[in-house]
Amino acid sequence: MSERPYTAEQVDVAVREISEPGRLRRAEEIVTHAVPNLQRIIDGALHDGGWFSQGHEQQVGQAAAEPDPQLREARLHALVADESRLAMLVGVTVGFALARELAAPGTAAAEADPADDA
């Protein structure tokens, strides 16, 4: 598989295409099968990226210790949103790498016999 850049327009079209009902069904089946390994990869990337460093732990502690309930809730929501965005970005990155691996001629993944999955 050649490494070629995608234009913003191509990505927009692809996102619209996969947004159609039923388009993700097979991908969901495949991802569900791979969840344990994908979770390990994503957890490792988040950890290696420093997301769960002392700074993050300090932010969690400060949010949890906030005496004002509304501010505490807002801080916790912000932390969860940040984690979700970061995990999503790492997940998309892993997805691109996985797609490349599956499509690249000569790789073990590309050469695997689909009948082995049955």
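The fold, the nonpolar core and a nonpolar surface patch of a predicted model are described below.

The chain comprises 118 residues and contains five helices and zero strands. Read along the sequence, these elements follow the pattern α-α-α-α-α. Among the contacts with a separation of 6 or more, 50% link residues that lie 24 or more positions apart. Buried residues account for 10% of the chain. The accessible surface amounts to about 9300 Å², and carbon and sulfur atoms contribute 59% of this area.

The largest nonpolar core consists of six residues, namely Ala-34, Leu-38, Leu-46, Trp-51, Val-90 and Val-94. At least two residues of this core are supplied by each of helix 2 (25-48) and helix 4 (69-103). Helix 2 provides the largest share, with three residues.

On the surface, Tyr-6, Val-11, Val-15, Met-88, Leu-89, Val-92 and Phe-96 form a nonpolar patch of about 640 Å². Helix 1 (8-18) and helix 4 each contribute at least two residues to the patch, and the greatest contribution, four residues, comes from helix 4. Helix 4 thus supplies residues both to the largest nonpolar core and to the nonpolar surface patch.

Phe-96, one of the patch residues, is located in helix 4. The relative accessible area of Phe-96 is 41%. This residue is therefore classed as partly exposed, because that class lies between the limits of 20% for buried and 50% for exposed residues.

Methods:
Residues numbered from 1 in each chain as written. Predicted model: local features only at pLDDT ≥ 70, side-chain atom pairs only at ≥ 80, totals over all residues. Heavy atoms only, no water. Core = buried A, V, L, I, M, F, W, Y, C linked by side-chain atoms within 4.5 Å. Buried < 20%, exposed > 50% of the residue type's maximum accessible area, 1.4 Å probe, protein only. Contact = heavy atoms within 4.5 Å. Areas by Shrake-Rupley, 256 points an atom, 1.4 Å probe, with all protein chains shown as cover. Patch = residues over 30% accessible without salt bridge, like charges linked within 9 Å, V, L, I, M, F, W, Y side chains within 5 Å. Salt bridge = Lys/Arg side-chain N within 4 Å of Asp/Glu carboxyl O.
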